[in-house]
Each structure stands twice: as structure tokens, then as C-alpha cells.
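Me: Let's go through this one together, a bit at a time. Can you help me make sense of what's inside?

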Amino acid sequence: QTDFYAGTTVYKQQTNTISFAKDLAKKINGVKTFNIGFGAEYRAENFQTRQGEQAAWDNYDPTHRTQRGAQPSPGITPQDVVNENRRAAGLYADLETDISDRFLMNIASRFENYDDFGNNLAGKLAMRYKFSSAFSIRGSISNGYHAPALQQIYYSAITSAFKNIGGSLVQKTVGIFRNNSDVAKAFGVKPLQPEKSVNLSNGFTSTISTHINLTVDAYWIQIKNRIVLSGKFDRNDPDIDRIMQNYPDIDLVQFITNAINTKTRGVDIVVNGNWNIHKTNLKLMLAANFNRTNIFGPVQLADSLKTNTTNTNILLNVEESEKIENGQPASKIILTTTFSKGKFGFVFRNTFFGHTATTTLVESPNDTLYESFSPKILTDISINYSPRSWLTITVGANNVFNVYPDRLKNYRNTNEGIFIYSNEAMPFGYNGGYYFLNMSLNF
């Protein structure tokens, strides 16, 4: 058999909202604006998984030495079938007022009730003070709340994955068990809890001249009980093999869980310039982001495993922590030049991607293979011509100089030369340049 029905995943959502807004400044003396908004929302959600045909997921080998079902991803099994509902209701209010010509204040709050996670109250306070028409400061503080999605609570699947053993990738069967399953309880994985965050930001805006504007904003975000997919528990460990005795063809086990807390700090800088010179328009935009994410506090453990076992920190192993902290560039800078005159336009863009890193755990012998990828600059160019008001023709190239990421340096990460580039920690693809001709019509 070469064709299989693997099953279906369905998510349904019905949202009903009502909102009101009014400016009451005319009824309040001494204020320039007094905008008030309030409203309500009621949301119904449904998540379903529907079973695939038996040949797509079953293992007909009584010894369980072969992979089950269709490859590389078996279908949805009877044990994976769910049909779960949730209802949530919310109320919100928002108030924004220019107390004076210089001082603006915004206060907002939202109350929510989930039938599976109870109540929550979130709020925001933001202010802006204008020292002059050329300089203003602004800041905000808020808290956030994210109830686990139905998919995060109830998703389960049997998949295939490759594990690096001695530099070669060996195919393994991975069981992702839903958070409230008997297997998760046997491992001692705690029930999912809502993510909660605190957000701080502060910055300024400045009109440096009639042609140049500058904005700078710094931010700090703390997320507690962050929901992540765990590392893979290997049943080569006797404790794990004992728990998984009723699942003889599952090699590796994963869960979705509140494993970690993270802090992210960063700064956004944007400079815009605009000049009109002899019927020619020149625009320059420099945008930069510098950020850093760190894991803090204790990592959640699987309580049923021994504290001295090698699996103690698998709920967030070194591979997963490296993705979170270094898998995305800590800096990104974009410089865009736009030139237009008459029917012609020209766009030149340089994008700088900062350093990234990743790591891989291998067996036989056990080792941790770190990879580091250097910063790169990608250049995009396009020229457009509008012979008519309703017609624009554009020719251009993305990554015109055909820049590629760094190649993998450690041969054991390449699966004996099959992989040239990493599939992790790549802020841009490894397909090289993209060249195009485009025509758009506007009616």
C-alpha cells in the first residue's frame, strides 16, 4: 500500500463581540480628549482529531521491531482521538485622555473567565509626555495572560524522528502524549497552567529636523510557566522503560508542559528620513532590534523519575534551551533606501542578521555538539515602472548576491554528509537568491 488516510485535525472557533466608544471631552472641563471604550466577548472553541485508517497507524509486526503505520508520519490512532470544547467570556474597558497639551494617559483592563482555567484580570497603564513638538517620552506597564490552547492540552501523536547516534541518524518512533494522559501522570508531569507575563517598555520619539524622525523603545518581558514541547525521554533508561511497558513500539516520549520561565530584554530603534529634491523623492529608513532571551528559575521536572537520573532536565534539555536562548539572532538591522521620480521607483534594502547558535546531543559516545553561525547581510533590489496609473511593472531580486548561511562545521551533525546546513537557528533560508518579474493591475 502506498496511499493512506492519516486522519484529520479540526479546530472550530465562534467569537461574538460587542464594543462601544465615545469621546466625552466636551463634557469634562480642562481636558483635550477623553476617549472611553468598553465591550464584551464570548468565544466557543472545539478541537477534534479524527482517526486515520488502520493501515496508517497500526503495527502488524508482532515483534515491534519495525516502524508502525505509514512513514514517515503514522496516522492518528484511536488513542489519539479527542473531541473537546471550551467556552470563554471577557469584559474590557479602555480609557485614553489628553490631560493637557503635553500629557497623555491610557488605562486599560480586561477580565476573562475560562470554563477550564477560571478567572483572570489583566491591565495596562501607558503614558506619553511631550516636552516640545520635537521631543516626547513614553512608557507602559502591563501584565499578560495566556490560557493553554486546546491543542496544547489535548494534542497527541505518534511520529518518526531521527536521533544522532555516533554521527549517524537512526530512525526512532516518538510518542507525544497529551498533558492529561495516563502516561504524563505516570511520568509526574504537572498539569498545564496558564502563562503569565509582565511587560515594561520605555522610550522616546524625536523630530531631529524637518526631514528626520527618530524613535527608541526599550522593553523587558517576563513570562512565567512558559509552555514548551519537552525534550525526548529515551526508554533506554530503565525507569522510563518500566513506565512505557504498555507501549512496546515507542522509543522516545515527549510532552507539552510549563517547563520554564523566560526573560526577554531588548531595544528597538527606528530612524526615518524623507527628502524632496527637484521632483525626486528620497526616503531612508534604518530599523534595528537588539534583544536577549534567558531562561531563569528552576526547570520543571518529571517528578516520577529519580533526581539523579540523566533525565532530570530532559523537560528542557540543552538542545531546547539553546534554541530558546540563541536560536534567533540577538540583533537585526534593516537599512532601506527608496527613490522615486515620475513613473520610476527604486528600492535598495540591506538586512543584517546577527549571530545564532544551536547544539545537538549524540550517543556512542555521548557528546554535545555545539554549532555557531556567523552574522550575514542580505541585499534586496527592485525597480518599478508605472506607465499608467493602473499598471506597475517591477523587476528585482531578493538576496541578490546569493548569500548562504554558514555550513555545519562538525561532521557528526551532517549525518555522514547528507545535511550541509542546519535546520535549526537559521534566520533566513538556504535557497540562495530569488529573482522576479512582477506586473500588478489596479482598478
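**Holes and odd angles**

Reply: The second largest cavity has a volume of about 30 Å³. Here a cavity is a set of points on a 1 Å grid over the protein atoms alone, where a 1.4 Å probe fits but cannot get out; the volume is the space filled by probe spheres set on those points, which are joined across faces, edges and corners. Quick note: this is a predicted model, where local features need pLDDT of at least 70, side-chain atom pairs count only at pLDDT 80 or more, and totals for chains, interfaces and linings use all residues. Residues are numbered from 1 along each chain as its sequence is written, and side-chain values use heavy atoms, with hydrogens and water left out.

Me: Which strand gives the largest share of the lining of the second largest cavity?

Reply: Lining residues have an atom within 4 Å of a point, and strands are DSSP runs of E, at least two residues, numbered from the N terminus. β2 (33-50), β3 (82-98) and β4 (103-114) each supply at least two lining residues. The largest share, 4 residues, comes from β4.

Me: Is H278 buried or exposed?

Reply: H278 lies in the loop between β13 (256-277) and β14 (280-296). It has a positive phi of about 50 degrees, though it isn't a glycine. Most residues other than glycine have a negative phi. Buried means under 20% relative accessible area, exposed over 50% and partly exposed in between, with a 1.4 Å probe and protein chains only. At 72%, H278 is exposed.

Conventions: On a 1 Å grid over the protein atoms alone, a cavity is a set of points where a 1.4 Å probe fits but cannot get out, and a pocket is an open set with protein on both sides within 12 Å along at least five of seven lines; lining residues have an atom within 4 Å of a point.
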